[in-house]
Structure formats: C-alpha cells, structure tokens
Amino acid sequence: MPTGRTCVVTGASRGIGRGIAVELGHSGANVVVNYRSSEGPAHEVVDAIEDAGGRAIACRANVSKYDAVAGMSDRIHDAFGQVDVLVNNAGITIDRTFENMTPAEWKSVVAVNLTGVFNCTHCLFEDLRRADNGRLINISSVVGQQGNYGQANYATTKSGLFGFTRTLALEMADSGSTANCVAPGFVKTDMLETVPGHVKEHLQDRIPLDRFAEVEDITGIVRFLASPESRYMTGQILGVNGGMEW
Ligand SMILES: NC(=O)c1ccc[n+]([C@@H]2O[C@H](COP(=O)([O-])OP(=O)(O)OC[C@H]3O[C@@H](n4cnc5c(N)ncnc54)[C@H](OP(=O)(O)O)[C@@H]3O)[C@@H](O)[C@H]2O)c1
C-alpha cells in the first residue's frame with residue numbers, strides 16, 4: 001500500500017472494521033475510523049494506528065443518515081483532502097423469523113446495511129472516481145449468498161450489495177477505479193456473539209475448515225483490494241468463508 005492513501009472504513013470502532021482500519025493504517029494509509037456511538041473504542045483504534053507511526057482520525061456519523069455522512073465527508077476533506085478508498089463495513093443484525101419480523105426491524109437493518117452504503121458511496125463517489133486507483137470495497141456476507149434462518153432482513157441487504165457492487169464497477173470503470181465485494185463467513189466478533197450457542201454449533205458443522213474466522217482472516221484480503229495491486233479486479237465477490245458452499 002503506497003504511503004498516504006486515504007482510506008475511510010465505516011463501522012471501524014469494533015470487530016471486522018476495527019481490524020481493517022488497523023491493517024490499512026499499519027500499511028501506511030491515512031485512516032478515517034467511522035463509528036456510530038463507541039467513541040472510546042474508536043479513539044483506541046486511532047491510537048493503535050498512530051502508535052505505529054500512522055495517521056488516523058475518528059469520525060462519528062450514523063451512516064443511515066445522509067446529512068451526517070455529508071458532514072463526515074467535509075471533515076475528512078479538511079483532515080486529509082482526497083479519499084482514495086471507501087470500505088463500507090458498518091452493518092447490523094436484528095434477527096427474527098420472517099413471520100415475527102416487524103416492519104421496524106426490517107427498516108432498521110435496511111437503513112444501515114443498504115441505505116448506509118448508498119449514503120457513504122454517494123458522498124465520496126467523486127473522490128473515488130478522481131483517485132488514482134480509487135477503490136470501493138463493500139463488506140457483504142455468506143448470508144447474502146446462502147440466506148440464513150431468521151435473517152430475512154440481513155440476508156436481503158447483503159445480497160443487495162452484490163448488485164450494487166457490480167453496477168458501481170461498471171459506472172466507475174472509465175475512471176480506472178474499481179468496486180468489489182468481500183463476503184466473509186462467520187467471524188468472531190460481537191455480531192457472532194448474538195447467535196445462540198446451539199445455532200453456532202450447527203453453523204460450524206457447515207464450515208469445511210471447521211472453525212469460525214478470526215478478524216485477521218478477512219483484513220489481509222481487504223488490504224489487497226485497497227492496494228493498486230488489485231487494479232484489474234472489479235465487480236467481484238470474494239468469498240472468505242472457510243470453504244462454505246453456496
Ligand atoms: N461477524 C460476522 O460473522 C460477519 C460475517 C459476515 C459479514 N459481516 C459483516 O461485517 C461487517 C462488520 O461486522 P462485525 O461483526 O465486525 O460487527 P460488530 O462487531 O457488531 O461491529 C459493527 C460496527 O459497525 C458500526 N455501526 C453499526 N451501525 C452503524 C451506523 N448506523 N453507523 C455507523 N457505524 C455503525 C459499529 O459502531 P459502534 O461501535 O459505534 O456501534 C461497529 O463499529 C458488517 O457489515 C457485517 O454484516 C460480519
């Protein structure tokens with residue numbers, strides 16, 4: 001990763017986003033650590049990057065709110081100027097069988113996981129097109145490929161990212177910038193902690209590599225996609241799931 005590329009990682013206070021932010025920061029990027037409410041953890045991520053000699057800022061913004069994202073975009077431009085890489089990672093689950101799912105539970109997940117991706121990409125689209133090797137990286141899920149019991153809202157948003165990514169790849173191609181999707185399997189974060197133990201056992205039975213992913217199993221792939229080395233790869237969905245079929 002060339003030093004000084006500016007990378008925005010949404011939902012970077014915890015879990016996969018935190019890992020991606022630290023990985024990119026340690027690779028020489030300027031990193032924007034976006035978060036919704038975990039201010040202390042977000043600043044710890046900034047410290048971890050700065051302690052290793054990198055540059056980072058924490059930026060609070062609820063990605064589901066367009067005005068908040070537009071404000072974040074202004075703060076990023078003031079701090080670092082041009083953005084080169086956007087990693088749309090922020091995501092939530094509200095699990096319920098479909099017959100019990102309320103309209104509010106549906107809308108909340110769509111608001112963060114899909115509309116949040118629209119908002120961030122829309123506010124930074126010109127940056128990504130203008131950048132030398134601009135990169136749009138969307139974090140989807142194996143659940144978007146397979147569906148999952150009790151996750152109609154979440155699975156729909158994660159599948160939606162496939163069409164979004166492929167379309168943006170077409171609309172960015174004339175600028176030389178790319179759009180790709182990473183679809184992790186089940187990763188050991190707070191999100192996986194919300195899954196009941198017996199369901200986790202059943203999930204693990206479906207993973208040929210017979211373990212859940214560590215955050216570090218995902219971050220190196222994102223570092224590669226964020227770098228100029230991935231320049232001829234666009235519109236792709238990279239499954240990083242221990243060999244799960246779909
Ligand atoms: N864990 C898995 O098994 C797994 C598997 C496949 C894909 N994924 C995907 O990977 C991404 C990260 O998942 P994770 O497991 O790391 O989740 P996590 O540990 O629950 O962390 C979620 C992160 O997203 C942020 N966030 C949530 N809502 C937000 C909003 N409205 N605006 C801005 N930030 C928001 C949180 O910020 P605060 O700390 O401020 O709340 C936090 O930093 C998600 O898109 C998820 O769907 C996860």
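Leaving aside its neighbours within four places in sequence, with which residues is Val87 in contact? In this predicted model, local features need pLDDT of at least 70 and side-chain atom pairs count only at pLDDT 80 or more, while totals for chains, interfaces and linings use all residues. Residues are numbered from 1 along each chain as its sequence is written.

**Core.** Beyond that four-place window, Val87 contacts Cys7, Val8, Val9, Thr10, Ile20, Ile137, Ile139 and Val222 (contact: C-beta atoms, placed from the backbone, within 7 Å). Val87 is also among the residues that touch the most other members of the largest nonpolar core, together with Val8, Val9, Ala21, Val31 and Val33; this core holds 64 residues. Helix α4 (residues 103–130) gives the largest share of the core, 8 residues. A nonpolar core is a set of buried Ala, Val, Leu, Ile, Met, Phe, Trp, Tyr and Cys residues joined through C-beta atoms within 7 Å. Helices (H or I, at least four residues) and strands (E, at least two) are DSSP runs, numbered from the N terminus.

**Sheet.** An open sheet is formed by 7 strands in the order β3-β2-β1-β4-β5-β6-β7, with parallel pairing (strands pair if DSSP finds at least two bridges between them). The edges are β3 (55–60) and β7 (237–240); each has a single partner strand, so one side of each lacks a neighbour in the sheet. On average, neighbouring strands are turned by 15° against each other, direction ignored. Strands β5 (residues 135–139) and β6 (residues 178–184) pair in the parallel sense over 5 bridges, and Ile139 has Val182 as its bridge partner in β6.

Two helices that pack on the sheet are listed below; axes are lines fitted to C-alpha atoms, for helices over the stretch in contact, and angles run from 0 to 180 degrees between N-to-C directions.

| Helix | Strands touched | Angle |
|---|---|---|
| α1 (residues 15–26) | β1 (6–9), β2 (30–35), β3, β4 (85–88), β5 and β6 | about 170° with β1 |
| α6 (residues 152–172) | β5, β6 and β7 | about 160° with β6 |

**Loop residues with positive phi.** Asn133, in the loop between α4 and β5, has a phi near 65°. Asn133 counts as partly exposed because it has 18 C-beta neighbours inside 10 Å. Asp210, in the loop between α8 (197–205) and α9 (216–226), has a positive phi of about 60°. Asp210 is exposed, with 10 other C-beta atoms within 10 Å. By these counts, 20 or more is buried, 12 or fewer exposed, and anything in between partly exposed, with C-beta atoms placed from the backbone.

Notes
Two residues are in contact if their C-beta atoms, placed from the backbone, lie within 7 Å.
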